[in-house]
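Work through these exercises with the model in view. Try each task before reading its solution.

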Amino acid sequence: RRAEALAQYELVQRPAETRCDPVRAARALRKTGGLHWEAGERERAGACFSAGLGRLGEDGDPIERAHLFQEMGRLAFRAGDSPAALALAERALAELPAADAPGSGREATVVRAEACNTLGVALARLGRPPEAGAQIQNSVAQAEAHQLLQAGCRGYTNLGVLYATLDPQRSIETCLRGLETARKVGDLGFQSRLYANLAVAYCALTNRCEEEGIEAARAAASLDRRLGLLDHLAVPLIVMGQIYQCRGAL
């Protein structure tokens, strides 16, 4: 219900602006940007994140600044700019207090887990898989230790991709664990991505491709259509096409 969510964030942002509450205004802009990003509106998402940083200024709340740098890094990764994603994730981590320092509470841990994840996927795309795996595993460990289910979902999703060609069985186990977490928090977007990753992993194990692989790909495609996630819909459709090709159903 994206339109309703956007309306609610606008109701938060307007009084935050008039009352000179930059942290709340920046937070609302960050969450609004996230909704635009999910809808594939990347320019609007980036504008929201930049506006949030503008509201905070150079000396603004470091944790909210870290959140915004992390979101900008994730956006850069999705746009195919892995060096920028790496630099922005590192900038997010640099904004945070040390893990054992005063003021390093739950929100700081959330950003740390998310930024490590973004570092990992950027490193993977830059051809540095061992470092990538270490960063994403670190992200998942932090998420599990602090019950950060949303961050955990993202970590399981990316680990599933990383393991898919190296260790398909481990990829399947990771995706199933991620699906269980995504269902707990009701995150349909992560469920779609995890089903798609699961389909790829099943296809790497040829004895499970036709039955379990096709069902996982269909589940992902159905969720993408329902949620309007057109950027991701291509992934399960390609997997289904490859399975049908293998079966000779051209």
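How many of the 250 residues of the protein, in per cent, count as buried? The answer is 48%. Buried means under 20% relative accessible area, exposed over 50%, and partly exposed in between, with a 1.4 Å probe and protein chains only.

Before going on, note that this is a predicted model: local features need pLDDT of at least 70, side-chain atom pairs count only at pLDDT 80 or more, and totals for chains, interfaces and linings use all residues. Residues are numbered from 1 along each chain as its sequence is written, and side-chain values use heavy atoms, with hydrogens and water left out.

**Exercise 1. The overall build**

Task: Find how many helices and strands the protein has, and judge its compactness.

Solution:
- Step 1. Count the elements. The protein has 12 helices and 0 strands. Helices (H or I, at least four residues) and strands (E, at least two) are DSSP runs, numbered from the N terminus.
- Step 2. Take the radius of gyration, computed over C-alpha atoms. For this protein it is 19 Å.
- Step 3. Compare with the globule rule, 2.2 Å times the number of residues to the power 0.38. The rule gives 18 Å for 250 residues, and 19 Å is close to that, so the protein is as compact as a globular protein of that length.
- Step 4. Add the extents. Along its principal axes the C-alpha trace spans about 65 × 40 × 30 Å.

**Exercise 2. Contacts, surface and charge**

Task: Describe the contacts, the exposed area and the charges of the protein.

Solution:
- Step 1. Define contact: heavy atoms within 4.5 Å.
- Step 2. Consider contacts with a separation of 6 or more. Residues 24 or more positions apart account for 56% of them.
- Step 3. Turn to the surface. About 12400 Å² is exposed, and carbon and sulfur atoms supply 52% of it. Accessible areas come from the Shrake-Rupley method with a 1.4 Å probe; for residues, only the protein chains shown count as cover.
- Step 4. Place the charges. There are 30 positive and 30 negative charges, and their mean positions are 3 Å apart. Lys and Arg count as positive, Asp and Glu as negative; His and the chain ends are not counted. The place of a charge is NZ of Lys, CZ of Arg, CG of Asp or CD of Glu.

**Exercise 3. The nonpolar cores**

Task: Which residues have the most contacts inside the largest nonpolar core?

Solution:
- Step 1. Define the core: buried Ala, Val, Leu, Ile, Met, Phe, Trp, Tyr and Cys residues joined through side-chain atoms within 4.5 Å.
- Step 2. Name the residues. They are Leu-194 and Leu-198, in a core of 58 residues.
- Step 3. Look around Leu-198. Beyond four places in sequence, its contacts are Ile-172, Cys-175, Leu-176, Leu-179 and Ala-216.
- Step 4. Find the second, separate core. It has 5 residues, including Val-110 and Leu-148.

**Exercise 4. Asn-117 and Arg-154**

Task: Are Asn-117 and Arg-154 buried or exposed?

Solution:
- Step 1. Locate both. Asn-117 sits in helix α6 (residues 106-125). Arg-154 lies in helix α8.
- Step 2. Read the accessibility. Asn-117 is at 0% and counts as buried. Arg-154 is at 6% and counts as buried.
- Step 3. List partners beyond four places in sequence. Asn-117 touches Ile-136, Ser-139, Ala-151, Arg-154, Gly-155 and Asn-158. The partners of Arg-154 include Asn-117, Gln-70, Glu-114 and Phe-190.

**Exercise 5. Gln-147**

Task: What is the phi of Gln-147, and where is the residue found?

Solution:
- Step 1. Recall the background. Most residues other than glycine have a negative phi.
- Step 2. Check the residue. Gln-147 is not a glycine, yet its phi is positive, about 55 degrees.
- Step 3. Place it. Gln-147 is in the loop between α7 (129-145) and α8 (149-166).
- Step 4. Read the accessibility. Gln-147 counts as exposed at 56%.

**Exercise 6. Glu-64 and Leu-75 in one helix**

Task: Which residues do Glu-64 and Leu-75 contact, beyond four places in sequence?

Solution:
- Step 1. Locate them. Glu-64 is in helix α4 (residues 62-78), and Leu-75 lies in helix α4.
- Step 2. Read the accessibility. Glu-64 is buried at 2%; Leu-75 is buried at 12%.
- Step 3. List partners. Glu-64 contacts Val-23, Ala-26, Arg-27, Arg-30 and Leu-56. Leu-75 touches Trp-37, Arg-42, Ala-45, Gly-46 and Phe-49.
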